[in-house]
Amino acid sequence: MMLGLEYLLEEWEKDDNVEFCILKAHEEAFSAGGDLRALYTHHNPPRLGKEACYRMYWIDYHVATYKKPIIVLWSGLVMGLGVGLSVACMFRVATEKAVMLLMHA
């Protein structure tokens, strides 16, 4: 998912026909732990962990410094990479069904 999102954000940012971007989650969740699951199930966790963390923070930075408005729509569970992406967006719209899960050690 991260690679696809990186590519799309770069393409949309260069496209003069795109005035703004809307990020919308699946009906039930916005990044419901898939990024975390990948860190734990990959055959080489240290390598994947370093690369995945770099990509996650790069996407967060890109969204925070994006040249066009990004609107994120929350409806359902928001966690993991979804939180990082969302808080960096210019506009966040939450429905009554939105629940953000923040986990800490």
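Helix α4 (residues 81–88) is a good place to start, since six of its eight residues are buried. Those buried residues are Leu81, Gly82, Val83, Gly84, Leu85 and Ser86. Here, buried means under 20% relative accessible area, exposed means over 50%, and partly exposed lies in between, using a 1.4 Å probe and protein chains only. Helices (H or I, at least four residues) and strands (E, at least two) are DSSP runs numbered from the N terminus.

Please keep in mind that this is a predicted model: local features need pLDDT of at least 70, side-chain atom pairs count only at pLDDT 80 or more, and totals for chains, interfaces and linings use all residues. Residues are numbered from 1 along each chain as its sequence is written, and side-chain values use heavy atoms, leaving out hydrogens and water.

**The whole chain**

The protein chain contains four helices and six strands. Read from the N terminus, its elements follow the order α-β-β-α-α-β-β-α-β-β. Of the 105 residues in the protein chain, 37% are buried. The protein chain exposes about 7,200 Å², and carbon and sulfur atoms supply 60% of that area; accessible areas come from the Shrake-Rupley method with a 1.4 Å probe, and for residues only the protein chains shown count as cover. Among contacts in the protein chain with a separation of 6 or more, 62% are between residues 24 or more positions apart, where contact means heavy atoms within 4.5 Å.

**Strands and their partners**

Two strands pair if DSSP finds at least two bridges between them. The table shows three of these pairings.

| Strands | Sense | Bridges |
|---|---|---|
| β1 (residues 21–24) and β3 (residues 70–74) | parallel | four |
| β3 and β5 (residues 91–94) | parallel | four |
| β2 and β4 (residues 77–78) | parallel | two |

Strand β3 is mostly covered, with four of its five residues buried. Across from β1, Leu23 stands opposite Val72 of β3, and Ile22 has Ile71 as its bridge partner in β3. Val72 also has a bridge partner in β5, namely Arg92.

What happens to the side chains along β1? They alternate: Cys21 and Leu23 point to one face and are buried, whereas Ile22 and Lys24 point to the other and are not. This fits a general pattern, in which side chains of a regular strand alternate between the two faces of the sheet.

Lys24 belongs to strand β1 and is exposed, with a relative accessible area of 61%. Leaving aside residues up to four places away in sequence, Lys24 touches Phe30 and Leu73. The C-alpha atoms of Lys24 and Ser75 are separated by 8.5 Å, although these residues are 51 apart along the chain.

Three strands also make an open sheet in the order β2-β4-β6, with parallel pairing. Its edge strands are β2 (29–30) and β6 (99–100), each of which pairs on one side only. Within this sheet, Phe30 stands opposite Val78 in β4.

**Helix α3 and its surroundings**

His62 sits in helix α3 (residues 45–64). Is His62 buried or exposed? His62 is buried, because its relative accessible area is 8%. Not counting residues up to four places away in sequence, His62 touches Leu9, Glu10 and Glu13. The side chains of His62 and Glu13 are joined by a polar contact of 2.8 Å; such a contact is a pair of N or O atoms within 3.5 Å, where, within protein, one must be able to donate a hydrogen and the other to accept it, and residues adjacent in sequence count only if both atoms are side-chain atoms.

Helix α3 also holds Trp58, which is partly exposed with a relative accessible area of 31%. Together, Tyr54, Trp58 and Tyr61 form a nonpolar surface patch with about 370 Å² of accessible area. Patches consist of residues with over 30% relative accessible area and no salt bridge, joining like charges within 9 Å and nonpolar side chains (Val, Leu, Ile, Met, Phe, Trp, Tyr) within 5 Å.

**A salt bridge in helix α1**

How many salt bridges does a search of the whole structure find? The search finds one, a salt bridge being a side-chain nitrogen of Lys or Arg within 4 Å of a carboxyl oxygen of Asp or Glu. Glu11 forms a salt bridge with Lys14, and their closest N and O atoms are 3.5 Å apart. Glu11 and Lys14 are separated by about one helical turn, because they are three residues apart in helix α1 (residues 2–14). An α-helix has 3.6 residues a turn, so residues three or four places apart point the same way. Glu11 is partly exposed at 32% relative accessibility, while Lys14 is exposed at 60%.
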